[in-house]
Each structure stands twice: as structure tokens, then as C-alpha cells.
Amino acid sequence: MQQFVTQNAAQTRALGEKLGKKLAESAGGRVVALFGGMGMGKTVFVTGVAAGLGLSDAVCSPTFAIVNVYGENDALCHFDMYRVETWEDLLSTGFFEYLDAGSVLCVEWSENIENALPENTVRVTLQQGRTAEERRITVEGIEL
């Protein structure tokens with residue numbers, strides 16, 4: 001497990017970009033499970049992942065859409081599982097279809113689908129730091 005401290009949103013985004021570049025080097029899809037409360041910077045982090053994957057799409061929170069898809073061949077699928085409460089809810093999101101397609105899946109509110117996450121999932125936890133802008137971020141499942 002690696003631990004990082006970011007002082008602002010730009011640094012959180014930069015850490016996400018570092019992860020995105022690492023994911024771009026590996027073949028096939030991968031799940032990035034994001035854990036953390038409201039306002040901890042999960043979408044900011046995913047914006048960085050997209051940049052690291054070489055995508056220029058504007059990333060926005062999929063809160064109401066449940067999934068936003070970016071890039072050619074669905075390179076990045078950004079899920080918000082906040083409202084997912086049952087197995088049927090999860091199936092209706094298309095999660096497994098995107099997983100099988102070899103896309104990178106960034107999943108906010110992964111705690112709601114913990115039992116469905118693949119074994120090789122990259123786990124990213126974002127927590128409040130000492131200041132309103134500071135974040136303590138742990139990354140498991142990949143070396144940055």
C-alpha cells in the first residue's frame with residue numbers, strides 16, 4: 001500500500017494522471033475502485049486518470065447518469081455506484097459488460113459493490129487531510 005498527501009485539487013488530479021499513465025502501459029482493462037466520502041476528490045482523481053490515459057474528454061461526475069464513457073472503444077468508463085443497493089441495480093449499470101470489454105473502469109462509491117470487484121482491482125482511498133484542501137490518498141494494487 002502506498003500513501004500520498006496532496007495539498008490541493010491540482011495535486012490530486014496529478015496523482016490520478018500518474019495512475020492513468022501506469023494503466024496505459026498495461027494491456028487490457030482494469031478496475032480502479034475509489035473509496036471516500038462526498039467531496040473528497042474522487043471525480044478530480046478520475047479527471048487525472050483520463051488525462052494519463054491520453055483522453056482529452058471533459059470528465060464530469062456520473063452521479064445521475066451512473067456511468068459516463070470516454071474515449072475510443074470505451075477506453076474509460078466512469079461509474080458512480082452511490083445509488084446501487086442490490087445485485088439487480090449493479091447488473092443494470094452495464095458494469096460487467098464494460099469489464100469484459102477491456103475498458104478501464106473507475107468506480108466511485110465502490111464500497112457499495114465490494115463483493116463484485118475483481119481480484120486485481122486497484123483500490124484508491126481518499127480522505128480529508130489536515131486542511132480543507134489536503135487529501136490523504138492510499139493506493140493499493142499497483143505501484144506508482
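Here is a friendly conversation between a student and a tutor about a predicted model.

Student: How many salt bridges does the structure hold?

Tutor: Since the model is predicted, side-chain atom pairs enter the count only at pLDDT 80 or more. With that in mind, the number of salt bridges in the structure is four.

Student: Let's begin in helix α1. Which residue forms a salt bridge with Glu 17, and how far apart are the closest N and O atoms?

Tutor: Helix α1 covers residues 9-25, and the two partners sit four residues apart in it, so about one helical turn separates them. Glu 17 is partly exposed at 22% relative accessibility, and its partner is also counted as partly exposed, at 47%. That partner is Lys 21, and the closest N and O atoms are 3.8 Å apart.

Student: And what is the distance between the closest N and O atoms in the salt bridge of Glu 114 with Arg 123?

Tutor: Take the surroundings of each residue to start with. Glu 114 has a relative accessible area of 33%, which makes it partly exposed, and Arg 123 is partly exposed too, at 23%. Their closest N and O atoms are separated by 2.7 Å.

Student: Now for Glu 134, which forms a salt bridge with Arg 130. Is Glu 134 buried or exposed?

Tutor: The closest N and O atoms of this pair are 3.5 Å apart. Arg 130 has a relative accessible area of 75%, so it counts as exposed. For Glu 134 the value is 2%, and the cut-off for buried is under 20%. Glu 134 is therefore buried.

Student: Which residues are joined into one network by salt bridges that share partners?

Tutor: We have already met the salt bridge between Glu 17 and Lys 21. Shared partners bring Arg 13 into the picture as well. The network consists of Arg 13, Glu 17 and Lys 21.

Student: Let's turn to the pocket. What is the volume of the largest pocket, and which residues lie nearest its centre?

Tutor: The volume comes to about 170 Å³. Its lining is made up of 14 residues, which divide into four nonpolar, six polar and four charged. Nearest the centre are Met 38, Ser 61, Thr 63, Glu 108 and Trp 109.

Student: Where is Thr 6 found, and which side chain makes a polar contact with its side chain?

Tutor: Thr 6 belongs to strand β1, residues 2-6. At 4% relative accessibility it counts as buried. Leaving out residues up to four places away in sequence, Thr 6 touches several residues, including Glu 133, Glu 134, Arg 135 and Ile 137. The polar contact, at 2.7 Å, is with the side chain of Thr 12.

Student: Moving to helix α2, which elements do its buried residues pack against?

Tutor: The buried residues of α2 are Lys 42, Phe 45, Val 46, Gly 48, Val 49, Ala 50 and Gly 52. Thr 47 is in this helix as well, but it is partly exposed, with a relative accessible area of 24%. Thr 47 touches Arg 13 and Val 59, not counting residues up to four places away in sequence. As for the buried residues, they pack against α1, β2, β4, β5 and β6.

Student: Which residue with a positive phi follows α2?

Tutor: Look at the chain just after the helix. The phi there is near 85°, and the residue is Gly 54.

Student: Where does Asp 57 lie, and which residues is it in contact with beyond its neighbours within four places in sequence?

Tutor: Asp 57 is in the loop between α2 and β3. Its relative accessible area is 35%, so it is partly exposed. Its C-alpha atom is separated by 16 Å from that of Lys 21, 36 residues apart along the chain. Setting neighbours within four places aside, Asp 57 is in contact with Tyr 70 and Gly 71.

Student: Last one: is Thr 138 buried or exposed?

Tutor: Thr 138 is part of strand β7, residues 135-140. Not counting residues up to four places away in sequence, it touches Met 1, Gln 2, Gln 3, Arg 123, Val 124 and Thr 125. With a relative accessibility of 14%, Thr 138 counts as buried.

Definitions and conventions: Residues numbered from 1 in each chain as written. Predicted model: local features only at pLDDT ≥ 70, side-chain atom pairs only at ≥ 80, totals over all residues. Heavy atoms only, no water. Salt bridge = Lys/Arg side-chain N within 4 Å of Asp/Glu carboxyl O. Helix = DSSP H or I, 4+ residues; strand = E, 2+ residues; numbered from the N terminus. Buried < 20%, exposed > 50% of the residue type's maximum accessible area, 1.4 Å probe, protein only. 1 Å grid on protein atoms, 1.4 Å probe; cavity = no way out; pocket = protein on both sides within 12 Å on 5 of 7 lines; lining within 4 Å. Points joined across faces, edges and corners; volume = space filled by probe spheres on them. Nonpolar A, V, L, I, M, F, W, Y, C, P; charged D, E, K, R; others polar. Polar contact = N/O pair within 3.5 Å; in protein donor to acceptor, adjacent residues only side chain to side chain. Contact = heavy atoms within 4.5 Å.
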